[in-house]
Amino acid sequence: MAKASKIVEDVTVRFAGDSGDGMQLTGTQFTETTAIVGNDLSTLPDFPAEIRAPAGSLSGVSGFQLHFSSSEIQTPGDSPDVLVAMNPAALKVNLPDLKPGGTIIVNTDSFDDKNLRLAKYNSNPLEDGSLSNYNVIPIPLTQMTMETLKDMELSVKDKEKCKNFFALGLMYWMYNRPIDVTLKWLETKFKNKPEIMEANKKALMAGYNFGETTEIFTTRFEVKAAELPKGKYRNISGNEATALGFVTASLKSGLKLFLGSYPITPASEILHELSKYKEFDVVTFQAEDEIAGISSAIGASFAGALAITTTSGPGFSLKSEALGLALITELPLIVVDVQRGGPSTGLPTKTEQADLLQAFFGRHGEAPLAIIAAKSPADCFYMAIEASRIATKYMTPVVLLTDGYLAMGSEPLRIPDFEELPDISVKFRTDPEGFYPYLRDEKLSRPWAIPGTPGLEHRIGGLEKQNIYGSISYDPDNHEEMVKIRKQKIDNIANDIPELKVDGSDTDELLILSWGSTYGAIKEALRNARKQGYKVAHAHLTYLNPFPRNIKDVLDKYEKVLIPELNTGQLALLIKGRFLKDVIQLNKVKGRPFKVAEIENKIYEVLGGTNGN
Amino acid sequence: METKNLETKPKYTAKDFSSDVDVKWCPGCGDYSILAQVQRTSPDFGELKENIVWVSGIGCSSRFPYYMNTYGFHGIHGRAAAIATGVKLANPKLQVWVATGDGDSLSIGGNHFIHACRKNMDIKIVLFNNKIYGLTKGQYSPTSEKGKITKSSPYGTVDFPFNASKLADAAGATFFARTIDREPKHMQEMLKRAAAHKGLAVVEVYQNCPIFNDGAYAPLTDKTSKEDYVLYLEHGKPLVFGKNKDKGIKLDGLQPVVIDLNDGKHSVDDCWVHDEFDTDPTRGFILARFIDMDHMPTPIGVFRQVHKPTYDEEYWNQVEYVKSKKGAGDYNKLMYSVNTWDVE
């Protein structure tokens with residue numbers, strides 16, 4: 001019997017299970033397929049810092065949330081419509097986020113005494129009526145998977161492992177997704193393990209067919225392709241986008257790309273990704289520690305490479321002395337800080353925006369450098385290119401701030417033509433005539449004269465140098481002059497970046513000022529609030545140091561300025577201090593991104609509900 | 001060693017390698033000798049001047065790059081090896097030298113030192129060892145002898161010193177030589193040997209600090225005593241020392257023993273014959289231990305030289321291999337390597 005198909009605009013799904021249940025994999029596959037169907041989408045993986053916490057325990061729950069839509073979206077969704085819970089712990093941890101009346105697909109096989117005890121349930125939630133407000137779909141996933149694979153010569157453990165693909169197949173059926181993308185992926189992934197490939201394929205198809213035949217489901221849902229700007233698209237995570245942005249910058253500039261890095265969550269994936277691209281002459285040097293990571297990059301920059309180092313909070317602080325060296329030697333260098341929860345080891349797999357002040361001030365001495373921040377996973381691609389452009393043009397270190405949420409989350413990227421991307425032309429100094437290492441052009445940038453160039457032999461280093469000539473100088477007036485020049489050089493970048501754009505009008509009653517990954521949630525909140533008649537404007541800072549040249553004019557136009565941040569008020573402090581502007585803060589430091597509703601509610605609170613309607 | 005540049009290389013003299021910066025070490029500092037020997041031998045390094053880069057960390061020794069008329073980078077404390085690694089990897093055509101002290105390289109930079117050795121980066125490390133912190137004015141260093149009284153150890157140090165040779169050996173250095181500031185000819189020879197070595201080379205220079213550790217190596221440099229305290233290592237030659245070449249070293253199992261060549265019982269044929277290309281590290285380790293033993297002379301010369309592929313060479317070979325498999329990188333290939341879809 002054909003089942004009814006219901007068209008819906010958008011859906012948020014969360015897969016949740018044990019760290020070993022393959023939830024990230026399931027989520028990524030669902031994402032890939034959804035991307036190909038043409039929906040707009042946004043994802044949020046969420047997993048513990050431990051590789052394998054004890055099976056069935058609350059701390060071992062791993063989740064993957066995906067929001068997909070037939071219209072443009074900016075966030076992975078506040079609360080899921082559907083929760084796939086592989087065990088009681090996954091149910092317990094994720095239930096509070098689920099939409100009232102939402103659907104729960106549970107693997108009933110895992111609801112045994114042991115797992116219930118591990119999840120600290122006093123009674124079985126599937127039986128005690130506590131889930132009566134939800135649409136619970138109990139499915140013996142393990143048993144059905146085992147039944148599907150009963151004729152295969154595999155260990156019980158290997159067979160059980162396939163249950164996530166059974167669940168995935170079911171979800172593909174529910175949301176009218178094709179299964180061939182995942183079938184193809186399985187063929188490549190398990191090329192050398194044909195039995196495992198076959199088992200997973202069978203489980204996937206069995207899950208799909210189960211949806212088709214069972215009486216449990218009467219309706220399936222359809223989310224039509226989104227109307228996005230014309231072009232070719234791919235799905236991309238923030239870390240992948242960052243890596244590809246740098247490879248592209250290397251192609252644009254003709255410079256060899258050099259990454260000196262030390263693995264750290266959640267930045268390591270940039271290292272993994274770049275390590276693949278040897279055919280682009282990319283050097284990835286996995287250093288012995290964070291300091292060697294940045295130091296090797298400084299050496300590479302001195303030698304003429306487009307040098308980057310990637311890290312996260314604790315590693316960023318280890319790099320700060322060397323960052324000062326790159327700054328005083330006025331060499332291009334990009335430090336990508338994929339921010340995570342701190343201080344110290346903090347919350348390694350969770351997100352935060354709390355390194356802004358470290359980026360600004362986390363060095364000894366007067367040490368200004370350029371700081372920019374990406375606003376979405378796909379935007380990381382453009383920001384990596386922009387960081388490269390600024391670093392090489394102004395001969396300065398640039399800090400590129402992303403965060404765990406951007407790094408791990410993904411969304412569609414419209415693939416730009418190579419020609420559309422900004423020009424990064426670099427000219428090394430080769431003429432010995434009148435050469436001095438600290439000569440300055442109109443932007444105050446010094447020449448990049450690299451070893452191997454005859455006649456330009458020179459020495460630079462961390463000691464203060466005489467302007468122009470570059471010889472060591474302890475002269476007090478010269479030092480002060482150099483401090484000012486280094487600051488002015490950074491300030492000059494303001495002439496080379498776009499003005500701050502306001503989404504809204506001068507007559508709006510509130511300006512939201514934001515930076516980094518809060519962009520998406522704010523955009524959606526803005527749309528909702530405007531629908532309610534509220535007069536809200538929004539300006540998003542991509543450039544943090546220097547700020548866009550018109551920032552003060554923008555701030556002056558609004559009496560009320562709201563700054564939402566995933567910290568206790570770091571941008572707010574800078575704005576108050578720099579522009580003597582009183583601001584309203586919305587802060588969250590929970591290791592999680594803002595929900596749209598949180599921003600929306602703050603707007604309503606600030607505007608007192610008297611605005612608009 | 002590559003000789004590609006030799007044919008076109010100008011005939012350099014020491015002067016070509018001398019910068020116009022005033023040298024500001026203390027009078028009598030052993031660093032002057034190191035600078036002089038480096039400048040004298042640089043024309044023999046087989047490389048164009050513009051392809052030579054000197055990198056340093058912090059400390060008296062680390063001012064070295066300023067005095068060389070080559071490319072130079074004065075870094076931060078301890079990180080010279082890491083910076084040099086980046087220079088060499090980004091441009092393997094460059095000949096990269098590191099000037100570093102015992103504190104810089106074996107204390108704050110210990111991690112980078114051992115890992116540069118382990119990876120066999122093709123860089124040359126000249127380790128100025130005066131067994132003291134000079135620039136910070138006289139604290140003990142990781143090579144100071146146990147019990148050393150300094151400003152930061154008024155009752156004597158309680159920690160054991162590092163032995164650079166053992167450390168470099170254990171970490172996988174493919175070349176280790178030791179020389180002394182007062183032995184200019186010997187030092188020149190060691191520097192040339194290091195320049196010619198493909199892979200990581202450490203040249204440890206025993207160097208006097210006249211201000212904070214004067215005479216640390218006096219028995220090895222005083223004319224009256226040095227021949228009894230210094231053992232010159234030469235490949236294929238027996239280990240013989242002493243004013244009248246009357247003492248030798250033989251191996252009793254794994255134990256080195258000083259023998260009297262005039263006692264009628266021993267002859268030079270009993271002596272251990274130095275093999276610097278010995279691929280078995282055992283003898284090299286025994287040699288390295290000499291300075292830890294009271295009764296043994298201090299070896300100078302090339303301890304060992306083994307050949308292993310260098311990191312930078314292996315890295316770029318891998319790049320070429322990948323290129324031959326995948327073809328040169330291209331933007332469209334990069335961006336379209338995954339599932340894509342069209343929005344009309």
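The legends below accompany views of a predicted model.

**Figure 1. Overall fold of chain A.** Chain A contains 21 helices and 23 strands. Along the principal axes, its C-alpha atoms fill a box of roughly 85 × 65 × 45 Å. The radius of gyration of chain A is 26 Å, which agrees with the value near 25 Å for a compact globule of 613 residues. Of the contacts in chain A between residues at least 6 apart in sequence, 76% join residues at least 24 apart.

**Figure 2. Surface and charges of chain A.** About 23100 Å² of chain A is exposed, and carbon and sulfur atoms supply 50% of this area. Buried residues account for 62% of the 613 residues. Chain A carries 67 positive and 78 negative charges, and the mean positions of these two sets are 1 Å apart.

**Figure 3. The stacked pair Tyr175(A) and Phe221(A).** Over all chains, a search of the whole structure finds 31 aromatic pairs. In the pair formed by Tyr175(A) and Phe221(A), the ring centres are 5.6 Å apart and the planes meet at 25°; the pair is therefore stacked, since planes under 30 degrees apart count as such. The two residues are 46 residues apart and link distant parts of the chain. Tyr175(A) sits in the loop between helix 6 (163–174) and helix 7 (180–189) of chain A, whereas Phe221(A) belongs to strand 8 (residues 219–222) of chain A. With a relative accessible area of 4%, Tyr175(A) is buried. Phe221(A) has a relative accessible area of 21% and is partly exposed, the limit for a buried residue being under 20%.

**Figure 4. The tilted pair Phe547(A) and Phe579(A).** The ring centres of Phe547(A) and Phe579(A) are 5.9 Å apart, and their planes are at 55°, so the pair is tilted. Phe547(A) is located in the loop between strand 21 (543–545) and helix 19 (551–556) of chain A, and Phe579(A) in helix 20 (residues 570–579) of chain A. The pair therefore ties together parts that are 32 residues apart in sequence. Phe547(A) and Phe579(A) are both buried.

**Figure 5. An aromatic cluster in chain B.** One aromatic cluster is formed by tryptophan, tyrosine and phenylalanine residues of chain B. Its tryptophans are Trp25(B), Trp54(B) and Trp97(B). The tyrosines are Tyr32(B) and Tyr67(B), and the phenylalanines are Phe45(B), Phe64(B) and Phe128(B).

Technical notes
Residues numbered from 1 in each chain as written. Chains lettered and ligands numbered in written order. Predicted model: local features only at pLDDT ≥ 70, side-chain atom pairs only at ≥ 80, totals over all residues. Heavy atoms only, no water. Helix = DSSP H or I, 4+ residues; strand = E, 2+ residues; numbered from the N terminus. Rg over C-alpha atoms; globule rule 2.2 N^0.38 Å. Buried < 20%, exposed > 50% of the residue type's maximum accessible area, 1.4 Å probe, protein only. Contact = heavy atoms within 4.5 Å. Areas by Shrake-Rupley, 256 points an atom, 1.4 Å probe, with all protein chains shown as cover. Lys, Arg positive; Asp, Glu negative; His and termini not counted. Charge placed at Lys NZ, Arg CZ, Asp CG, Glu CD. Phe/Tyr/Trp six-rings, centres within 6.5 Å; stacked < 30°, edge-to-face > 60°.
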